[in-house]
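User: Please take a close look at a single part of this model, the packing of one pair of helices and the core around it, and give the cut-offs behind each term.

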Amino acid sequence: MRNIASHWLISGFLLLWGMAYAFLVIFTFALSTPEHWAELVSQRRIKAEYAEYISNIPVWVIAITFVAAFTRLLGAILLLLRNSWAFCVYAISLGVVMVIMFRGFVLADVASVIRPSQIILEVVFLLISLFAVYYAKKQNRGRN
């Protein structure tokens, strides 16, 4: 019984995480306007350099960010359904996230335009992505 409860708790958390990320991606790249980013800058919630960075993200990065959001959400749904494909979907999501982070932190130096708290948050999100892959794999082993 404890395993079932922990599975639902962990899978439910990963589903909420996937939904939140999907909303963030849709809002950032499909709904927000330059005025929205200017307002965040005026409120000192983000740096002006970060707003500029966001406006210059290449289309291919935006496209794979949508892939990351979709696979993260799909992985959570499959995990809730105890479907063995959850591992593969989460592995794809992790791979895409690593490409996005490499491009952002190594090639585009996003760390120079974001706050330290945002860097910590990115590291936490990467750790959750790693955990999702690990947990989905563990669930597959438990069924074999």
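Analyst: The crossing of H1 and H4 is left-handed, meaning that the near helix is turned anticlockwise from the far one by less than a right angle, whereas clockwise would make it right-handed. This is a predicted model, in which local features need pLDDT of at least 70 and side-chain atom pairs count only at pLDDT 80 or more, while totals for chains, interfaces and linings use all residues. Residues are numbered from 1 along each chain as its sequence is written, and side-chain values use heavy atoms, without hydrogens and water.

The axes of H1 and H4, lines fitted to C-alpha atoms over the stretch in contact, come within 8 Å and cross at roughly 160°; the two helices are therefore roughly antiparallel, a label for angles over 145 degrees. By class, their contact has 19 nonpolar, 5 polar and 1 charged residues.

In the largest nonpolar core, which has 16 residues, Leu14, Leu79 and Tyr90 touch the most other members; such a core joins buried Ala, Val, Leu, Ile, Met, Phe, Trp, Tyr and Cys residues through side-chain atoms within 4.5 Å, buried being under 20% relative accessible area with a 1.4 Å probe and protein chains only. Helices H1 (2-31), H4 (59-80), H5 (85-107) and H6 (116-143), which are DSSP runs of H or I with at least four residues, each supply at least two residues of this core, and H6 gives the most, with 5 residues. Beyond its neighbours within four places in sequence, Leu14 is in contact (heavy atoms within 4.5 Å) with Ala76, Leu79, Tyr90, Ile128 and Ala132.

Methods
Buried means under 20% relative accessible area, exposed over 50%, partly exposed in between (1.4 Å probe, protein chains only). Axes are lines fitted to C-alpha atoms, for helices over the stretch in contact, and angles run from 0 to 180 degrees between N-to-C directions. Angles under 35 degrees count as roughly parallel, over 145 as roughly antiparallel, 65 to 115 as roughly perpendicular and the rest as oblique. Ala, Val, Leu, Ile, Met, Phe, Trp, Tyr, Cys and Pro count as nonpolar, Asp, Glu, Lys and Arg as charged, and the others, Gly among them, as polar.
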